[in-house]
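Trainee: I should like to learn how a helix and its surroundings are read from a model. Could we work through a case together?

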Amino acid sequence: MNQHDPKNIPQTTPRQSATFSPDVNSEIRRAAATGIYDIRGGGAKRSLPSFDDLLFMGASISRYPLEGYREKCETSVTIGGLHAENPIHLDIPITIAGMSFGALSGPAKEALGRGATAAGTSTTTGDGGMTSEERGHSKTLVYQYLPSRYGMNPDDLRRADAIEIVVGQGAKPGGGGMLLGQKISDRVAEMRNLPKGIDQRSACRHPDWTGPDDLEIKILELREITGWKVPIYVKIAGARPYYDVTLAVKAGADAVVLDGMQGGTAATQDVFIEHVGQPTLAVIRPAVQALQDLGMHRKVQLILSGGIRSGADVAKAMALGADAVAIGTAALIALGDNDPKYEAEYNAMGTTAGAYDDWHEGRDPAGITTQDPELSARFDPIEGGRRLKNYLKVMTLEAQTIARACGKNHLHNLEPEDLVALTMEAAAMAQIPLAGTDWYPGKPNTSY
Amino acid sequence: MQTVDLQETGLRALNKMLHAQSETTNQTAWEILNPKGAHAIACGLNAPIEVTVKGSTGYYCAGMNQHATVNIHGSAGPGTAENMMSGTVVIEGDASQYAGATGHGGLLVIKGNASSRCGISMKGIDIVVHGNIGHMSAFMAQSGNLVVCGDAGDALGDSCYEARLFVRGTVKSLGADCERKEMRPEHLEILQDLLTRAGSDAKPEEFTRYGSARNLYTFDVDNAAAY
């Protein structure tokens with residue numbers, strides 16, 4: 001045998017580059033073909049340190065558990081009692097995050113209201129104003145006050161149960177909204193006072209205030225208009241949580257909504273979603289620290305969002321100091337978004353169930369992220385509401401299960417000392433000891 | 001005439017009294033003394049009453065006004081008449097930034113000059129400025145009319161949509177996608193009506209109309225340099 005004959009040389013396995021992966025290469029080819037960045041919906045898809053990297057220790061000799069199904073574990077939360085005459089009382093600490101009519105169909109907004117109301121929690125408007133469907137079907141409705149002020153009017157402001165001033169959102173801290181022409185139906189165009197069919201750009205900054213001193217006056221104005229009756233939330237992205245929470249509280253917020261980078265959006269640049277912002281796990285402790293330093297923890301409520309999926313996530317968020325959480329993407333999945341039953345239609349669009357994120361194109365086969373009348377008609381808001389209620393109930397039961405195992409008779413009694421971290425990153429971000437140790441990176445008075 | 005001294009009564013009590021007025025109220029005339037630049041005076045009004053503020057106001061005076069007439073006998077701080085829905089607001093002096101921001105309807109008259117971002121994101125409001133306006137005015141203006149009897153600063157009408165902008169004097173520069181437009185008879189008619197209602201004797205023929213070139217309505221990578 002001639003060992004120098006190329007036919008006799010063993011071949012190496014073709015090796016894909018970790019840097020130039022098939023995903024990366026496909027994006028390069030797409031960019032080269034179109035000349036425009038990729039726009040999509042949803043939140044960060046990259047792998048991030050998350051609540052999955054934390055575990056509860058459960059009960060032991062020093063902590064005794066509560067009996068499941070027998071001993072009470074409370075789940076209620078009151079939001080906005082600091083300044084508002086009518087604070088919000090919720091049965092469960094899992095709220096529905098702001099999502100716009102425009103991004104979502106009317107029936108989908110109705111389903112969010114139905115499901116949230118049946119589960120005893122609140123839902124939230126979005127960039128586009130308040131629809132009669134969501135007001136009618138939401139016992140507790142939070143009205144977002146956004147930079148675009150699309151549809152903003154004092155009548156809706158006064159029929160809201162709370163006002164949420166949106167400064168930022170986790171998917172795109174520092175970015176405005178984007179609703180492309182395909183989704184601008186007659187009704188959406190009328191609500192936003194813009195021509196039908198054009199790309200709508202929502203501003204990234206508020207038009208009539210800049211900075212924390214102005215925000216304080218803006219909050220005063222909103223309180224005066226609403227007679228100091230309803231709570232005023234300030235929603236911030238997970239950018240600089242310690243300082244942003246401090247400034248929001250200083251400006252007079254009743255509650256702070258903090259949205260990490262796993263939080264979704266209806267549409268923005270993929271590069272924004274994946275490369276700007278901080279993971280939800282990383283932003284909660286600085287936010288809680290800010291509230292504690294001000295003596296405002298549990299007085300100004302902290303609502304955490306961005307990738308919350310289960311009762312375990314709820315329990316972990318609350319153990320780290322949140323008063324409540326908000327869900328967006330998970331709620332859409334509960335309604336039927338990305339359901340494998342539409343696989344053939346996803347395939348026809350060049351994607352697959354679970355990966356579909358071209359929400360801005362308005363072709364959602366599940367009839368949720370669309371304004372197409374035929375697609376919207378596929379979605380049953382009553383059935384959707386029932387599914388959301390079920391999901392919220394399951395999340396609550398899961399969180400209660402964990403809380404009882406930790407010996408807590410209220411979800412709010414969960415505490416950081418109930419947790420351990422599985423990774424160094426999670427330990428550092430959450431300031432929770434690495435499992436099997438009493439140490440985390442950055443722990444005061446340690447040499448590491 | 002109901003007269004309220006703001007320094008004695010306080011902001012909350014004042015606004016509560018004004019908000020208590022209904023569509024059929026007999027107390028239609030209100031005078032507010034000693035505003036001393038306070039914020040949020042007479043915001044959120046929702047009845048056909050006439051409020052006269054004797055002095056200068058701070059932020060957001062007449063914010064979200066609906067149905068009411070508010071006269072400010074002084075100058076006005078930032079965001080005056082922001083998000084106004086209907087009614088009339090008249091500022092005898094100058095207006096600070098963001099006057100009439102995001103307004104959906106009604107008439108805002110500024111007898112003096114207006115600072116930057118006048119009419120930002122306006123959504124149907126009519127604004128008449130007797131003097132000059134600052135930079136970035138009518139930024140992302142969606143609809144309604146902005147009339148400037150004096151000069152306009154930099155970047156007028158940047159990224160505007162369907163709002164009509166009328167300027168009698170000079171325009172330092174136009175913003176992205178804003179262009180000079182033909183003044184047709186219907187525009188002269190609109191302008192004459194607004195000037196008359198705003199108490200200006202300027203002639204519509206002296207104005208130039210500006211508006212959106214509509215090149216940025218749908219994103220096109222070839223327009224990326226405009227942003």
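Mentor: In this predicted model, let us begin with the length of helix H9 of chain A. At 1.5 Å a residue, its 14 residues should span 20 Å, and its end C-alpha atoms are 21 Å apart, so the two values agree.

Trainee: Is H9(A) mostly covered or mostly open, and how many of its residues are buried?

Mentor: First, the general idea: an α-helix has 3.6 residues a turn, so residues three or four places apart point the same way. In this case 10 of the 14 residues of H9(A) are buried, and the helix is mostly covered. Among the buried ones are A:Leu281, A:Ile284, A:Ala287 and A:Leu291.

Trainee: What covers the buried residues of H9(A)?

Mentor: The cover includes helices H7, H10 and H15 as well as strands E12 and E14, of chain A. One contact can be followed from the other side: A:Val256 is in contact with A:Ala287, and also with residues including A:Tyr233, A:Val300 and A:Leu302.

Trainee: Which residues have the most contacts inside the largest nonpolar core?

Mentor: They are A:Tyr233, A:Ala253, A:Val256, A:Val325 and B:Val147, in a core of 195 residues. Helix H9 of chain A gives the most to this core, with 8 residues. A second, separate core has 7 residues, including A:Phe272 and A:Val276.

Trainee: Is B:Gly124 buried or partly exposed, and why?

Mentor: One counts neighbouring C-beta atoms within 10 Å, and 20 or more would make a residue buried. B:Gly124 has 19, and is therefore partly exposed. This glycine lies in strand E7 of chain B, and the residues it touches include A:Asn193 and B:His104.

Key:
Residues numbered from 1 in each chain as written. Chains lettered and ligands numbered in written order. Predicted model: local features only at pLDDT ≥ 70, side-chain atom pairs only at ≥ 80, totals over all residues. Core = buried A, V, L, I, M, F, W, Y, C linked by C-beta atoms within 7 Å. Buried ≥ 20, exposed ≤ 12 C-beta atoms within 10 Å, placed from the backbone. Helix = DSSP H or I, 4+ residues; strand = E, 2+ residues; numbered from the N terminus. Contact = placed C-beta atoms within 7 Å. Expected span 1.5 Å × (residues − 1).
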